[in-house]
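Work through the three exercises below with the model open. Try each task before reading its solution.

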Amino acid sequence: MARTARGAQKDYVYRIANSPVGVLKLVASDEGLAAILWDIDRPNRVPLNIVAEDANHPVLIEAERQLQEYFAGKRKVFDLPLDFLGTEFQRKVWHALLTIPFGETRSYTQIAEQIGAPKAIRAVGAANGRNPISIIAPCHRVIGSAGDLRGFAGGLERKTYLLGFEGSDTKTFNFAA
């Protein structure tokens, strides 16, 4: 469960948003957007204390608006307060994801090197798989060194869609688990 600096449990609220990649569950705290969850997400992949639906939460409204702009081809960069909950290493990986430009990809090796942990390629892959803020922290832009697609919480079809939508040539990718 999410805990604040004083150890108290932090509460999160959610809003459901429709998108070209399916129904998304947007989750926020008072500090910012904490998660974008897929309809097929494993229940404990992102362990947050989600207490209620809140269709009027300003961060959730803005997140949905920016996602709509993204899918309409009008936005390439998101501008939202983010509330990543994870280990220091995971947060380093997730912040590195935010630096990958629209329409580009990086390998797990490149991310490991970027965060100063060049031998931590598998750990980068694990952290990437637990990225709570899919699409906005674009874990879909991380691929294998040989250009192969690896696992994605939303499924490889959605990863392929997102990469193709952003202009990546997914025809050349090998699909590996």
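UniProt positions are given in the numbering used here, and annotations may be inferred rather than shown by experiment. The model is predicted.

**Exercise 1. Place the residue that UniProt lists for "active site", and decide whether Cys 139 is buried or exposed.**

Solution.
1. Start from the record: the unreviewed UniProt entry lists Cys 139 for "active site".
2. Locate Cys 139: the loop between α4 and β6 holds this residue.
3. Apply the cut-off: buried means under 20% relative accessible area.
4. Cys 139 has a relative accessible area of 4%, so Cys 139 is buried.
5. List the contacts, leaving out residues up to four places away in sequence: Cys 139 touches Leu 97, Asn 128, Asn 131, Ser 134, Phe 152 and Lys 159.

**Exercise 2. Find which residues of helix α2 are buried, and what covers them.**

Solution.
1. Helix α2 spans residues 88-97.
2. Its buried residues are Gln 90, Val 93, Trp 94, Ala 96 and Leu 97.
3. These residues cover an arc of only 155° around the axis, so they lie on the same side of α2.
4. The cover over them includes α3 (108-114), α4 (121-129) and β6 (142-143).

**Exercise 3. Give the strand order of the open sheet and trace the pairing of β2 with β3.**

Solution.
1. The open sheet has 4 strands, ordered β3-β2-β1-β4, with mixed pairing.
2. β3 (33-38) and β4 (50-53) are the edge strands, each pairing on one side only.
3. From one strand to the next, the twist averages 35°.
4. β2 (residues 22-28) pairs with β3 in the antiparallel sense, over 5 bridges.
5. Check one bridge: Ala 28 has Leu 33 in β3 as its partner.

Key: Residues numbered from 1 in each chain as written. Predicted model: local features only at pLDDT ≥ 70, side-chain atom pairs only at ≥ 80, totals over all residues. Heavy atoms only, no water. Buried < 20%, exposed > 50% of the residue type's maximum accessible area, 1.4 Å probe, protein only. Helix = DSSP H or I, 4+ residues; strand = E, 2+ residues; numbered from the N terminus. Arc of directions from axis to C-beta. Contact = heavy atoms within 4.5 Å. Pairing = 2+ DSSP bridges. Axes fitted to C-alpha atoms, helices over the stretch in contact; angles between N-to-C directions.
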